[in-house]
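This report describes the surroundings of a ligand, one helix and the interior of a protein chain. The sequence and structure are shown first.

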Amino acid sequence: MKIAILYGSKYGTTESCARKIASEIRGEVELINLLEKKPQRLIGYDAVLMGGAVYAGKMADDVIHGIKNLNFGDTPYGLFICCKDEKEKAEGYLRLNLGDGIVDNAMVIEHLGHGINLERMNFFTRTAMKTMFKIKGSYTEFNSAAIHRVADGVNRMEIVHEQ
Ligand SMILES: Cc1cc2nc3c(=O)[nH]c(=O)nc-3n(C[C@H](O)[C@H](O)[C@H](O)COP(=O)(O)O)c2cc1C
């Protein structure tokens with residue numbers, strides 16, 4: 001199995017989630033940071049996982065365009081998202097940012113939790129987090145069950161493949 005995980009992460013939480021998924025997948029995994037690299041086509045992968053985080057109601061432009069402009073042919077794909085809001089709203093963010101077509105055809109959609117990493121923010125964002133949202137310190141809330149479900153979904157494909 002060869003899997004690509006495409007992600008965008010400004011402050012590190014989504015990247016940690018992508019790495020956790022990668023560590024649970026049996027097979028070869030390529031991690032692609034959409035903030036650094038924008039593949040146009042993906043060839044030779046058995047599945048693609050794609051995700052990002054929400055900032056002021058929006059996913060990063062590099063992530064939106066990276067996913068929307070990607071030609072992954074018939075390769076099955078899954079979506080994941082990191083945000084503070086609850087699961088239902090998280091899927092709404094995916095629909096708003098990526099469109100219904102991409103969301104409706106995903107084999108798996110998961111909300112993986114969120115994190116606030118004050119140390120990686122610039123002065124203005126850090127101050128806004130502390131004053132507007134009363135955040136006192138950095139923290140991460142991974143949804144380990146959801147992370148496991150994404151990896152499990154991919155690992156199950158391997159079993160179907162082998163039959
Ligand atoms: C400036 C800023 C704005 C955010 N806006 C939202 C938001 O509108 N809705 C939400 O659910 N989460 C929001 N969040 C929470 C992020 O989605 C969450 O911190 C996420 O884990 C960040 O991922 P990253 O560490 O990979 O950048 C915001 C976080 C920051 C720093």
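## Ligand surroundings

In this predicted model, the ligand is surrounded by 20 residues, and the closest of them are Y11, T13, T14, A53 and C83. Two or more residues of this shell come from each of the elements α1 (13–24), β3 (47–55) and β7 (113–116).

By residue class, the shell around the ligand consists of nine polar, eight nonpolar and three charged residues.

## Helix α2 and its cover

Helix α2, which runs over residues 61–68, has V63, G66 and I67 as its buried residues. Viewed down the helix axis, the buried residues of α2 lie within an arc of 90°, and therefore they line one face of the helix. D61 and K68 are exposed on the other side of α2.

Several elements take part in covering the buried residues of α2. Among them are the strands β1 (2–7), β3 and β4 (58–59), together with the helices α3 (87–98) and α4 (100–104). Strand β3 thus appears both in this cover and among the elements that contribute to the ligand shell.

## Nonpolar core

In soluble globular proteins, nonpolar side chains tend to be buried together. The largest nonpolar core of this model comprises 37 residues, of which I3, I5, I21, L49, I81 and V150 touch the most other members. Two or more residues of this core are supplied by each of β1, α1, β3, α2, β5 (77–82), α3 and α6 (144–162). The element that gives the most is β3, with six residues.

V150 illustrates how parts of the chain that are distant in sequence meet. Leaving aside residues up to four places away in sequence, V150 touches I21, L49, G78, F80, V108 and E110. Of these, I21 and L49 are also listed with V150 among the core residues that touch the most other members.

## Overall architecture

The chain contains eight strands and six helices. Their order along the sequence is β-α-β-β-β-α-β-α-α-β-β-α-β-α. Among contacts between residues at least 6 apart in sequence, 79% join residues at least 24 apart.

Buried residues account for 32% of the 163 residues of the chain. The C-alpha trace spans about 55 × 30 × 30 Å along its principal axes. The radius of gyration of the chain is 16 Å, which agrees with the value near 15 Å for a compact globule of 163 residues.

Key
Residues numbered from 1 in each chain as written. Predicted model: local features only at pLDDT ≥ 70, side-chain atom pairs only at ≥ 80, totals over all residues. Near = placed C-beta within 6 Å. Helix = DSSP H or I, 4+ residues; strand = E, 2+ residues; numbered from the N terminus. Nonpolar A, V, L, I, M, F, W, Y, C, P; charged D, E, K, R; others polar. Buried ≥ 20, exposed ≤ 12 C-beta atoms within 10 Å, placed from the backbone. Arc of directions from axis to C-beta. Contact = placed C-beta atoms within 7 Å. Core = buried A, V, L, I, M, F, W, Y, C linked by C-beta atoms within 7 Å. Rg over C-alpha atoms; globule rule 2.2 N^0.38 Å.
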